[in-house]
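Biologist: I am new to this structure and would like a close look at a single part of it, the nonpolar core. Please take me through that part slowly, and then set it in its surroundings.

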Amino acid sequence: MKTHTHKRFLLFSYADYYPSGGMEDLFGTYDTAKEAIEAISSIEICNDNVIIYDRYEGLSFSEREYQLSK
């Protein structure tokens, strides 16, 4: 069994046609939403969807939703 130590914000990135599924789509974990948003630009593979999940609040949001909430 593999164990993980994750920070508050989980960044998932996946393709519409060939998603890996679940934790296989996890790109990274971050202390702040801003760090997760900034990490999106460093994703080197082409993916259709990028979602950030806040483990504390139980909410998920896109980069666009983050920008609109500011």
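Modeller: In this predicted model, the largest nonpolar core has 12 residues, namely Phe9, Leu11, Tyr30, Ala33, Ala36, Ile37, Ala39, Ile40, Ile43, Ile52, Phe61 and Tyr66. Strand 1 and helix 1 each supply at least two residues of this core, and helix 1 gives the most to it, with four residues. As a general background to such a grouping, nonpolar side chains in soluble globular proteins tend to be buried together.

One member of the core, isoleucine 40, can be followed through its contacts: leaving aside residues up to four places away in sequence, isoleucine 40 touches Leu11, Val50, Ile52 and Glu63. Of these partners, Leu11 and Ile52 are themselves listed in the core.

To place the core in the chain, it helps to read the secondary structure, which comes to two helices and four strands and follows, along the sequence, the pattern β-β-α-β-β-α. Buried residues make up 31% of the 70 residues in the chain. The accessible surface of the chain comes to about 5,300 Å², and 49% of that surface belongs to carbon and sulfur atoms. Among the contacts between residues at least 6 apart in sequence, 51% join residues at least 24 apart.

Charged residues form another part of the picture. As a general matter, side chains of opposite charge can pair when their charged atoms come close. In this chain the count comes to four salt bridges.

One of them is formed by aspartate 31 with lysine 7, where the closest N and O atoms are 4.0 Å apart. This pair links distant parts of the chain, since aspartate 31 sits in the loop between strand 2 and helix 1 (33–39) while lysine 7 sits in the segment before strand 1, 24 residues apart. Aspartate 31 is partly exposed, with a relative accessible area of 47%, and lysine 7 is likewise partly exposed, at 38%.

Another salt bridge is the one in which the side chains of aspartate 54 and arginine 8 meet, at 2.8 Å from N to O. Because aspartate 54 lies in strand 3 (residues 49–54) and arginine 8 in the segment before strand 1, the pair ties together parts that are 46 residues apart in sequence. Aspartate 54 is buried, with a relative accessible area of 5%, whereas arginine 8 counts as partly exposed at 23% relative accessibility.

Arginine 8 also forms a salt bridge with glutamate 57, the closest N and O atoms being 3.8 Å apart. Here glutamate 57 lies in the loop between strand 3 and strand 4 (59–61) and arginine 8 in the segment before strand 1, so the pair ties together parts that are 49 residues apart in sequence. Glutamate 57 is exposed, with a relative accessible area of 53%. Salt bridges that share partners join Arg8, Asp54 and Glu57 into one network.

A last residue to look at is aspartate 25, which lies in the loop between strand 1 (9–14) and strand 2 (26–30). Aspartate 25 is buried because its relative accessible area is 8%, and the cut-off for that word is under 20%. Although aspartate 25 and phenylalanine 12 are 13 residues apart in sequence, they are 5.3 Å apart in space, taken from C-alpha to C-alpha.

Technical notes: Residues are numbered from 1 along each chain as its sequence is written. This is a predicted model: local features need pLDDT of at least 70, side-chain atom pairs count only at pLDDT 80 or more; totals for chains, interfaces and linings use all residues. Side-chain values use heavy atoms; hydrogens and water are left out. Buried means under 20% relative accessible area, exposed over 50%, partly exposed in between (1.4 Å probe, protein chains only). Contact means heavy atoms within 4.5 Å. Accessible areas come from the Shrake-Rupley method with a 1.4 Å probe; for residues, only the protein chains shown count as cover. A nonpolar core is a set of buried Ala, Val, Leu, Ile, Met, Phe, Trp, Tyr and Cys residues joined through side-chain atoms within 4.5 Å.
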